[in-house]
Structure formats: C-alpha cells, structure tokens
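Good morning, colleagues. Please look at the structure on the screen while I take you through several of its features.

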Amino acid sequence: PLTPRGLGVTFFLQKKENSYFFGIHPIALVACMQDILLAEVLRNGVVESRHAGAYVVADAAGGLVAHGGDPDRAIYPRSAVKALQALPLIIGGAAARFGLTSAELALACASHAGEVMHTQTAAVMLAKAGRDVTCLECGTHWPSSGRAARALAAGGLAPNALHNNCSGKHAGFVCTAIAAGIDVPGYVEPTHTTMRAVTAALGEVTGIALDHQSPATDGCSIPTYKIPLLALARGFARFGNGAHLSAEFGAAAAVLRAAVAENPLMIAGHNRFDTVVSQALGAAAFVKTGAEGVYCASLPSLGLGIALKCSDGAARAAEAAMAALVARFLGPHPVLSGYAERPLTNWNGRIVGAIVARVGG
C-alpha cells in the first residue's frame, strides 16, 4: 500500500502469479470522493498543488448552515479544542482561587510559539499553584518560533517543557487538579480525575458522548477523541454565544473568549494565523488551529461555528480555507483576504506564486 502525501487516497500494487495489479483502496476511494477542494497553490498561473478536505458551518443547535465534503466525517481535532478543554479551569474554581489573569487564561487555550512571554506566563501559572516545570507531562521540544529557538541555542540553553506549545494548557490542568485536591502525577491519562473532567466538558459542548470511546494519544500525551466535523462546528457555535449550554459553561466560555481577544499574542505568537486574526477581528472571531490540517472557529455575533479538516494535514491550506470562510460570513477584511490568497515568496523575497482558498464563495 502507498499513500502519497496530498492525494488523500491509498494505492496498492498486488502480484498474482506473474502479473501485477494496480488499484485504489476502496475505502480510501470513498473518502477521497467525499472531499472537496480547499485550496490550490499557483506558480506562474499554473496549479502546482491542490489540497482537499471538508468543512462545516453550523449553528448551536447543530443546524447545517454550509458545508463541503462529508459533515459527519469524524476527525481527531487535536489542539483545535484547547479552549473547550480549558473550561474546567474556570468551572472548577481554579482560575479564581489562584487569581489567574486574562493572559494566563488565554495561554491555557494556546498552541504557543515558545516565546519568552509564553514560557514565563506558563511558569507563573504553575508558581501560583505552588508547582514548577518539573510537574508538566507534555514533553519537551524546541520553540516553534525560529527566533525564540535561535535565542535559546545562542545562550547555550536547552528547551524544557515550558517551551512545549501546550505548556499553557498543561499548566491549566495542573491548576485544575490542585484546586480540586487531586494528585497531579498522571494527569494526562484518560482515567485521571482531571482529564475525565476535561473530556466531559468537551463532550458537553460538542454534544458527543466520549466516555465510551477508546481515545488516541495527542502530541502532548493527553487523550484525543474522534469527533464529527458537524459536532465540532456545533460546539464552537455554542462556545461562541453560550446557546444550548448551562449558565456556568456559557459564562466560562465568555471568559475564555474575552481573555484571548484581550491577549492575542498568547494564543499563538508573533506572525501566527490565530494571533493575527485575533488582533484584527478581536471578539468578533475566535479561531484555533489543530495539528494535521484542522481548524475550528466561533463567530459569536452570528451564533455560528466552523470546523474544517485538510486531508493531507497541510496547515497552509487550512489557514487559507479558514480565512475565506470567516470572510464569507463576517465580511471582507484585509487580514482575511491576505491569508485567503497569500503570496508565496522565494529565498530572495520575490513573489513566485500564491496559495488560494477555493471555499469562500
């Protein structure tokens, strides 16, 4: 079997006696046929690459407003649901007990770039709960910010768990556990009381029962569950205006949305899509990336949520498609149009092509 990156389909070559047979895996073919074109890469006006996938726009009741591809396609949302996973931090009382600031709450929702402001904020969150970096179970990687990584290396320093893009989320988990009087070690495991609360919150907002599902493991070691795109869009519509949520869930969601709008650099970092859109649109849109070409968004004033998946996992296509979809419903904005049709440059800074969204019309 062979699955070329970007095609979203598995080919196979089979030998029978002295003959070879070439074909497409039937299940993969069905999935491929359900995908739609999300974005194209152009060079000199010629299509050089195509990115396919699916998207859903829904209201808080689960009403399908728009879609391309299969709305019931179940995906691992990965980091796109961090804000939903941060709800117990507020509902359980940890945010109030430890006096977490809006910047700290925004970091709990973030996939940050490992800049100094991010690592310092995560460290302060832990210190407020009487802990330090040694209790984090997210693992270690170099900052995704090239500038931050070079500065770290130039200083002869190695990264630690604070540089992990999920350290803010994990600091939130630690605070949640301590505020509830729960032992911290093992908090990433599906059976840990804190992670059960996080999973329950995710299920409550999306309307999907997750406790019977065998989870996969995310990059930062917490469980990640398969959720249909329609349910994700519905969940982010609810996260955006509190409709179909309990009063405490709705209030917690409003606090987190406001925290991100007030501290856009915390949700991602300099020159990152989530941050740039938040800086431009403020509270009008909450957007959050997930690994492998996933994006989710809330449009609070319209009561809508968006979820999309690029089948080949390409972040560039997911960003372009999300920008086009947000512009489709909120109206044009220079930042959105700049991502929906983004120039591509070479190492000399010359514009050599563009990546163009195909879902915004």
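Helix α8 is largely enclosed by the rest of the structure, because 12 of its 13 residues are buried. Please keep in mind throughout that this is a predicted model. The buried residues of α8 are S167, G168, K169, H170, A171, G172, F173, V174, C175, T176, A177 and I178.

What do these buried residues pack against? Their partners are other helices: α2 (82–85), α3 (87–91), α4 (94–97), α5 (102–108), α6 (116–128) and α9 (193–206).

The length of α8 can also be checked. The helix covers residues 167–179, and at 1.5 Å a residue its 13 residues should span 18 Å. The end C-alpha atoms of α8 are 18 Å apart, which agrees with that expectation. After α8 comes G181, which has a positive phi, near 70°.

One of the partners of α8, helix α5, deserves a closer look at a single position. A103 is found in α5. Is A103 buried or exposed? A relative accessible area of 17% makes A103 buried, because the cut-off for that class is under 20%. Leaving aside residues up to four places away in sequence, A103 touches T121, N263 and M266. By contrast with these contacts, consider A149: A103 and A149 are 46 residues apart in sequence, and their C-alpha atoms are 22 Å apart in space.

I turn now to backbone angles. Most residues other than glycine have a negative phi. Against that background, two asparagines should be noted. N44 is not a glycine, yet its phi is positive, at about 55°. N44 lies in the loop between β3 (36–43) and β4 (46–59), and it counts as exposed because its relative accessibility is 73%. The second asparagine is N271, with a positive phi near 65°. N271 sits in the loop between α12 (264–267) and α13, and with a relative accessible area of 72% it is exposed.

The loop between β3 and β4 also holds G45. G45 is exposed, its relative accessible area being 66%. Where does G45 stand with respect to R342? In sequence, G45 and R342 are 297 residues apart, whereas in space the distance from C-alpha to C-alpha is 14 Å.

My next topic is the empty space in the model. Rolling a probe the size of a water molecule over the atoms shows where such space is left. The largest pocket holds about 490 Å³. It is lined by 26 residues, and those closest to its centre are S111, N165, R272, T289 and A291.

Which elements each supply at least two residues of this lining? They are α13 (273–281), β10 (286–290), β11 (294–299) and α14 (315–330). As for chemical character, the lining of the largest pocket comprises eight nonpolar, 12 polar and six charged residues.

Finally, a word on confidence. The mean pLDDT of the chain is 93, with 91% of its residues at 70 or more. Over residues 2–9, however, pLDDT stays under 50. For that stretch the model has 18 contacts beyond four places in sequence.

To close, I return to the opening point: α8 has 12 of its 13 residues buried, so this helix is largely enclosed by the rest of the structure. Thank you for your attention.

Key: Residues numbered from 1 in each chain as written. Predicted model: local features only at pLDDT ≥ 70, side-chain atom pairs only at ≥ 80, totals over all residues. Heavy atoms only, no water. 1 Å grid on protein atoms, 1.4 Å probe; cavity = no way out; pocket = protein on both sides within 12 Å on 5 of 7 lines; lining within 4 Å. Points joined across faces, edges and corners; volume = space filled by probe spheres on them. Helix = DSSP H or I, 4+ residues; strand = E, 2+ residues; numbered from the N terminus. Nonpolar A, V, L, I, M, F, W, Y, C, P; charged D, E, K, R; others polar. pLDDT = per-residue confidence, 0-100. Contact = heavy atoms within 4.5 Å. Expected span 1.5 Å × (residues − 1). Buried < 20%, exposed > 50% of the residue type's maximum accessible area, 1.4 Å probe, protein only.
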